[in-house]
Amino acid sequence: MSTREGTPPLRTLLVGVDKRAVVSLDGPWHYLVDQPPFKALYNERDGSVRDNGYALNTHPNISTDKPHNDEYDFATAPTLKVPGDWNTQEPTLFRYEGVVFYQRDFNFEPRPNTRTFLHVGAANYRSFVWLNGKHICDHEGGFTPFDCEITAVAHSGSNFVVIAVDSTRHQDDIPSVSYDWFDFGGLTRDVSLVTVPAAFIDDYEVQLEHEATFTLAGEHKVFGYVHVEGAPAGTAVKIRIPEAGISTTASTGADGRAQFSAAAKSLVLWSPAKPHLYKVTVSSGADSITDDIGFRDIRVSGLKVLLNGAPVFLRGVNLHAEAPVRGGRADSDADVALMFRYLQDLHANFVRLCHYPHDERMERTADRDGIMIWSEIPLWQHISFDKPAVYDKAVVMLHEMVRRDKNKASVILWSVSNETPNNPVRTSFLTNLANEARRTDPTRLITSALIGPHGSGNQMVQDDKLMDALDVVGQNEYIGWYGGKAIDADTTQWTLPQKPIIMSEFGGEAKQGLHGAKTERWREEQQLDIYQHQFVMFSHIPQLVGLTPWILFDFRSPGRNIPVLQDGYNRKGLVSEDGKKKLAFDFMSDFYAKMPSSASGWSSSTASAK
Ligand code: GCB
């Protein structure tokens, strides 16, 4: 198995882009579809990327007597809105998985002693970027940001950028070819130009110091680092948190990092009850960023998860990054606000963002509103676990996820995978990845959602060796839907590790508005019945520290093809895709609402909820 040394360099550079003054390139971009076999993007001969095709943004000779040339033209091509998936913007692209070229012009005035980056919030799945006809960067992975430097290529006046996005699935991609969600393609998150001084802050981490033991009272320390790119060792950085009485300086080492640790006066620790954020300013030379950061401690003690030293019960739900009501990939403040309205209605204090990093607005809103987050990379079920290159790719995705969100107090869990096959090759891959996650961020908890305990009769024995590498174990199961009857859950007994357990998926499908007997499939009553029996089972799991039912909203999935009932949607939502709540929503919401906020486990959580 390849190790850190073999890992390709992290291409995402800039942390805290949403806190910088940027030039937005959101809006209409011209597009051209490059249908299979994708001759505009890939050379037929060897599959290499063509730099001499649409990337050049030439125009056809139409009304002149010049010789025949290329047969494409962005200038007169239609447009797609960025950010946005192409599937829900153009009916002929609804089921399209392939290559789309995007192009737009922008004006630029270079400023002396600055560097400029093109920042892409996310593009699914592979991206190839050219500026003024020059190939400036590529990126793989549909859910994390990347930056391409344009300083040397951009000129004064009008410039053009071309981005080819390829959403085709491949075996060795992450996720691989088969997954239970819709493959929304395109420039799905914000695109901007970020101009920074020649020496600039590309990365910083500011957190509550993670001591060996946590004490609520007494002095807390804030620690972290500021990384300055393009500055010599010994460059000064300043970290100021006025409300916490912190104003400190540090200087960069040979690696460009300035480490710091500073005592804070009586911090208000971040929690769902009080999601306090501090204004934190990091600066160096001409560069400065002011972020909003919460400070809190998350750790495991025995069978409990402790938030700021107190056991906490994670009242959660699963969520895909699909916009309710309007449909399509969630990409705006309005989409995020709507999702959070339902989380509030559910009385949730926790959300599992499935199965890939979501728009950064989710973490920002969760920080502000006091919702804890499980964030995951898209290692979903079958991945090419036997390939070192795929491991390297997984490490890059992990690093990109952690790098973007490590300053978000809301994020308490990094998940390395979901429902992967239990075999030695995969266990070694994921154990290494979990260890890498812990090395990268020792202040948070590492998890994974597991499936498939060995069972005989009503005995479920989870003996997956991957659990040894996890702080918190996610257990998925669908008793009453994919197997058995709802009532079987009453007598199901689990043998689980002596670690905190989150029941990370359970549920069943129901078509909103379809009513009948609880024995009838697809009825809201049956979905509710599944939930009620699950709760009997949960009461026998002493290690239970949280629940995330599958899933908040019905979501598109191309394999869900029962007409009328599914119509291309996975119907396990507590709410339909157009925002209507099902009976199971009210059940979960009542339960969470009645749970004492001090609840830490099932017995304390249910004491007053019944
Ligand atoms: C699972 C997967 C999830 C699916 C869900 C289902 O176990 O983790 O991605 O969508 O089951 O509905 O089958």
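In this predicted model, a polar side-chain atom of tryptophan 550 is placed 3.4 Å from an oxygen atom of the ligand. Two further side chains make approaches of this kind: for arginine 560 the polar side-chain atom lies 3.2 Å from a ligand oxygen atom, and for glutamate 419 the corresponding distance is 2.2 Å. The surroundings of the ligand comprise 14 residues, of which Asp180, His355, Glu419, Tyr482 and Lys572 are the closest.

| Side chain with a polar atom | Distance to an oxygen atom of the ligand |
|---|---|
| Glutamate 419 | 2.2 Å |
| Arginine 560 | 3.2 Å |
| Tryptophan 550 | 3.4 Å |

Glutamate 419 also deserves a look for its backbone, since its phi is positive, at about 50°, although the residue is not a glycine. Glutamate 419 belongs to the loop that runs between strand S25 (411–418) and helix H4 (424–440), and it counts as buried because its relative accessibility is 12%, where buried means under 20%. Asparagine 132 likewise has a positive phi of about 50° without being a glycine, and its place is the loop between S6 and strand S7 (134–140).

**Salt bridges**

Arginine 560, already met beside the ligand, forms a salt bridge with glutamate 509, in which the closest N and O atoms are 3.4 Å apart. Because arginine 560 sits in the loop between strand S33 (555–556) and strand S34 (569–570), while glutamate 509 sits in the loop between strand S31 (501–505) and helix H6 (524–538), the pair ties together parts of the chain that are 51 residues apart in sequence. Both arginine 560 and glutamate 509 are buried.

How many salt bridges does the model contain in total? The count comes to 43. One of them joins the side chains of aspartate 405 and arginine 404, with an N to O distance of 2.8 Å. Aspartate 405 counts as buried because its relative accessibility is 1%, and arginine 404 is likewise buried, with a relative accessible area of 10%. Arginine 560 and glutamate 509, as noted, form a bridge with a distance of 3.4 Å. Through shared partners, salt bridges also join Asp18, Asp291, Glu360, Glu363, Arg364, Arg404, Asp405 and Lys408 into one network.

Aspartate 183 and arginine 169 form another salt bridge, with 3.9 Å from N to O. Both residues of this pair lie in the loop between strand S9 (157–166) and strand S10 (191–197), 14 residues apart. Aspartate 183 is buried, its relative accessible area being 3%.

**Cavities**

The model has five cavities of 30 Å³ or more. The largest has a volume of about 90 Å³ and is lined by 14 residues, with Asn124, Tyr125, Pro175, Tyr179 and Asp183 lying nearest its centre. Sorted by class, this lining consists of six nonpolar, five polar and three charged residues. Aspartate 183 thus appears in this lining as well as in the salt bridge with arginine 169.

Asparagine 124 and tyrosine 125, which are among the residues nearest the centre of the largest cavity, are themselves joined by a cis peptide bond with omega at about 10°. Tyrosine 125 lies in the loop between strand S5 (114–120) and strand S6 (126–131). Another cis peptide bond, with omega near 0°, leads from valine 82 to proline 83, and proline 83 is found in the loop between strand S3 (79–82) and S4.

The second largest cavity holds about 70 Å³ of space. Ten residues line it, and those nearest its centre are Leu14, Val15, Gly16, Pro145 and Arg404; the lining divides into four nonpolar, three polar and three charged residues. Arginine 404 therefore has a place in this lining, as well as in the salt bridge with aspartate 405, while being buried at a relative accessible area of 10%.

**Two strand positions**

Glutamine 103 lies in strand S4 (residues 99–108) and is buried, with a relative accessible area of 2%. Its side chain makes a polar contact of 2.9 Å with the side chain of aspartate 105. Valine 222, located in strand S12 (residues 220–229), counts as buried because its relative accessibility is 0%. The C-alpha atom of valine 222 is separated by 9.5 Å from that of alanine 244, which is 22 residues away along the chain.

Conventions. Residues are numbered from 1 along each chain as its sequence is written. This is a predicted model: local features need pLDDT of at least 70, side-chain atom pairs count only at pLDDT 80 or more; totals for chains, interfaces and linings use all residues. Side-chain values use heavy atoms; hydrogens and water are left out. On a 1 Å grid over the protein atoms alone, a cavity is a set of points where a 1.4 Å probe fits but cannot get out, and a pocket is an open set with protein on both sides within 12 Å along at least five of seven lines; lining residues have an atom within 4 Å of a point. Grid points are joined across faces, edges and corners, and a volume is the space filled by probe spheres set on the points. Ala, Val, Leu, Ile, Met, Phe, Trp, Tyr, Cys and Pro count as nonpolar, Asp, Glu, Lys and Arg as charged, and the others, Gly among them, as polar. A salt bridge is a side-chain nitrogen of Lys or Arg within 4 Å of a carboxyl oxygen of Asp or Glu. Helices (H or I, at least four residues) and strands (E, at least two) are DSSP runs, numbered from the N terminus. Buried means under 20% relative accessible area, exposed over 50%, partly exposed in between (1.4 Å probe, protein chains only). A residue is near a molecule or strand if one of its heavy atoms lies within 4 Å of it. A polar contact is a pair of N or O atoms within 3.5 Å; within protein, one must be able to donate a hydrogen and the other to accept it, and residues adjacent in sequence count only if both atoms are side-chain atoms.
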